[in-house]
Amino acid sequence: MLKLVNKDVIGLDIGSHSVKTVHLSKSRNSWEVRSAAIVDISPEGTENPGRREINIVRAIQNCLRIIQTKTKLAVCSVGGPDVAIRNFDFPMLQPEEMEKAVVLEAKQVCPFTTNDIVVDYNLV
């Protein structure tokens, strides 16, 4: 559940081929989509060092221009080879036991040292 104090937020997803944005506004107890945009990341010039990053920034700028919002608060997705998403099945546990169980399971499947990871979870 997204628990934000602000009434407006931007969702930003930077993918490998496109940038996606959504402008959400809080209305009473729910969130409403005000606008959304998808802009392809140009492959042009990517043989030059740093050019891909410039193309990504331009795609972000174009998305923000399309959704026309003044808010500066953005929620961003994180992806790539350094992100591991796993599903675990547990019996019914108390909330404090659940967190310990998730961390223990994550440490067993994560290829990184335990000092280098951040574990977050959602109950489904």
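**View 1. The buried residues of helix α1.** In this predicted model, helix α1 buries Asn 55, Ile 56, Ala 59, Ile 60, Cys 63 and Ile 67. Looking down the helix axis, you will find these buried residues within an arc of 140 degrees, so they line one face of α1. Their packing partners are the strands β1, β2 and β3. The length of α1 is also easy to check: its 17 residues, at 1.5 Å a residue, should span 24 Å, and the end C-alpha atoms are 25 Å apart, which agrees. Just after the helix comes Gln 68, with a positive phi of about 50 degrees.

**View 2. The nonpolar core that α1 shares with the strands.** The largest nonpolar core has eleven residues. Its members are Ile 10, Leu 12, Val 19, Ala 37, Val 39, Ile 41, Ile 56, Ala 59, Ile 60, Cys 63 and Ile 67. At least two residues of this core come from each of β1, β3 and α1. Helix α1 gives the largest share, five residues. A helpful residue to centre on is Ile 60, which touches Leu 12, Ile 14 and Val 19 when residues up to four places away in sequence are not counted. As background, nonpolar side chains in soluble globular proteins tend to be buried together. Across the protein, buried residues account for 24% of the 124 residues.

**View 3. The four-stranded sheet.** Here the strands form an open sheet in the order β3-β2-β1-β4, and the pairing is mixed. The edges are held by β3 (30-40) and β4 (74-76); each has a single partner strand, so one side of each is left without a neighbour in the sheet. On average, neighbouring strands are turned by 20 degrees against each other, direction ignored. Helix α1 (residues 51-67) packs on this sheet and touches β1 (8-14), β2 and β3. The direction of α1 makes about 135 degrees with that of β3.

To place the sheet in the chain, follow the elements from the N terminus: they run β-β-β-α-β-α. That gives two helices and four strands for the protein.

**View 4. The hairpin of β2 and β3.** Strand β2 (residues 18-27) runs antiparallel to β3, and ten bridges join the two. Two of the partnerships make good landmarks. Leu 24 has Val 33 as its bridge partner in β3, while Ser 27 is bridged to Ser 30. What sits between the strands? The hairpin has two residues there. Arg 28 takes a positive phi near 60 degrees in this hairpin.

**View 5. The hairpin of β1 and β2.** On the other side of β2 in the strand order β3-β2-β1-β4 is β1. These two strands, β1 and β2, run antiparallel and are joined by seven bridges. They form a hairpin with three residues between them. For a landmark, look for Asp 8, which stands opposite Ser 25 in β2.

**View 6. The parallel pair, β1 and β4.** How many bridges link β1 and β4? There are three, and the two strands pair in the parallel sense. Leu 12 has Cys 76 as its bridge partner in β4. Leu 12 is also a member of the largest nonpolar core, and Ile 60 touches it from helix α1.

**View 7. Lys 72, in the loop between α1 and β4.** Is Lys 72 buried or exposed? With a relative accessibility of 79%, over the 50% cut-off, Lys 72 counts as exposed. Its place is in the loop between α1 and β4. Lys 72 and Ile 10 are 62 residues apart in sequence, yet their C-alpha atoms are 7.8 Å apart in space. On the scale of the protein, 39% of the contacts between residues at least 6 apart in sequence join residues at least 24 apart.

**View 8. Pro 111, after the second helix.** Pro 111 lies in the segment after α2 (95-109). Its relative accessibility is 67%, so Pro 111 counts as exposed. If you would like a distance to check, try the pair Pro 111 and Ala 84: they are 27 residues apart in sequence and 9.3 Å apart in space, C-alpha to C-alpha.

Conventions
Residues are numbered from 1 along each chain as its sequence is written. This is a predicted model: local features need pLDDT of at least 70, side-chain atom pairs count only at pLDDT 80 or more; totals for chains, interfaces and linings use all residues. Side-chain values use heavy atoms; hydrogens and water are left out. Buried means under 20% relative accessible area, exposed over 50%, partly exposed in between (1.4 Å probe, protein chains only). Two strands pair if DSSP finds at least two bridges between them. Axes are lines fitted to C-alpha atoms, for helices over the stretch in contact, and angles run from 0 to 180 degrees between N-to-C directions. Contact means heavy atoms within 4.5 Å. A nonpolar core is a set of buried Ala, Val, Leu, Ile, Met, Phe, Trp, Tyr and Cys residues joined through side-chain atoms within 4.5 Å. The expected span of a helix is 1.5 Å times one less than its number of residues. The arc is that of the directions from the helix axis to the C-beta atoms.
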